[in-house]
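Grab a pencil and work through these exercises with the model open beside you. Try each task before reading its solution.

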Amino acid sequence: MSNTLLRIYPSELKIPFELNRQNSGILELTNKTDHHVAFKVKTTNPRKYSVRPTTGIVLPRGSCGITISMQPPKEIPTDYHCKDKFLIQSVVVEDGTTQKDIHSDMFSKEAGKVVEEFKLRVVYIPANPPSPVPEEEEDEIDSLDSDVDHEVQMPSTFDAASRKGYTSGSQASHDEGVSLTKAVLSKYVDENQKLQQELDLLKKKRSSSDGGFTALFVPFVFAFFVFIGYLMAGSNV
């Protein structure tokens, strides 16, 4: 039998289950008519549950929430299966009827009186369900890992070739630098020898007047040109 007075959501009372802790579930009643509708909540296990409110009036096209709290459970039932059930009765009442006016006789089944009943069972759900990771995200992570590995492996061959090429180039540059240095030093040694010969001639001509100056001047000039040649050879290398 479909309900024409109230729409009840959800169709099952889902309550989080946790040992030694009270948890609650919520039902929403929506009036589908243009009349005032009274309701009453019953259960197969009244000592286990607390219902607020147990009775009430839902205004035309209005809604009302019901909170059902379960006493802290002491043990885990087999397969988390619950046999408890709830029954919600509803009936059309006169306009202006309040919650205080509701009595049990309103929901008695009589001729010419429509009393609708909606049964729902209790379903336990995990109090703290884990957050599953979508498979698409896992596949994407694996794909990223593969790309990283591929990128890490590629430079190894390239680096080896680069180091090899760099070593060969450095060796060639070093050999050219050594040859250039030898050529420069040889050139300046020849020039120093010529200068030494000229200084010897000058020494013979002026040996009488400034022999001391010549003795000091010759090694100084020779050392100066050797130093200049060393600097030029170093800059070319």
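**Exercise 1.** Find where D84 sits in the chain of this predicted model, then decide: is D84 buried or exposed?

*Solution.* Start with the strands on either side: D84 lies in the loop between β7 (63-70) and β8. Next, check its surface. The relative accessible area of D84 is 10%. The cut-off for buried is under 20%, so D84 counts as buried.

**Exercise 2.** Which residues is D84 in contact with, once you leave aside its neighbours within four places in sequence? And which side chain joins that of D84 in a polar contact?

*Solution.* Go through the contacts in sequence order. On one stretch you'll find T44, N45, K48 and Y49. Further along the chain come R121, V122 and Y124. Now pick out the polar contact: the side chains of D84 and K48 are joined at 3.0 Å.

**Exercise 3.** Follow the chain into β8 and work out the sheet it belongs to: what is the strand order, and which strands are at the edges?

*Solution.* Lay out the strands first. This is an open sheet of 5 strands, ordered β2-β9-β8-β4-β6, and its pairing is mixed. The edges are β2 (13-17) and β6 (55-58), each of which pairs on one side only. From one strand to the next, the twist averages 25°.

Now zoom in on one pair. β8 (residues 85-93) runs antiparallel to β9 (residues 116-126), with 6 bridges between them. To find your place in that pair, look at L87: its bridge partner in β9 is K119.

**Exercise 4.** Do the same for β7, on the other side of the D84 loop. What is the strand order of its sheet, and why do β1 and β5 each have one side without a neighbour there?

*Solution.* Again, begin with the order: 4 strands form an open sheet, β1-β3-β7-β5, with antiparallel pairing. β1 (6-9) and β5 (49-52) stand at the edges with a single partner strand each, so one side of each has no neighbour in the sheet. Ignoring direction, neighbouring strands here are turned by 20° against each other on average.

For the pair to inspect, take β3 (residues 23-31) and β7, which are antiparallel over 8 bridges. Within this pair, S24 stands opposite S69 in β7.

**Exercise 5.** Step back: how many helices and strands does the protein chain have, and what share of its residues is buried?

*Solution.* Count 2 helices and 9 strands. Reading from the N terminus, the order is β-β-β-β-β-β-β-β-β-α-α. As for burial, 27% of the 237 residues count as buried.

Methods: Residues numbered from 1 in each chain as written. Predicted model: local features only at pLDDT ≥ 70, side-chain atom pairs only at ≥ 80, totals over all residues. Heavy atoms only, no water. Pairing = 2+ DSSP bridges. Axes fitted to C-alpha atoms, helices over the stretch in contact; angles between N-to-C directions. Buried < 20%, exposed > 50% of the residue type's maximum accessible area, 1.4 Å probe, protein only. Polar contact = N/O pair within 3.5 Å; in protein donor to acceptor, adjacent residues only side chain to side chain. Contact = heavy atoms within 4.5 Å.
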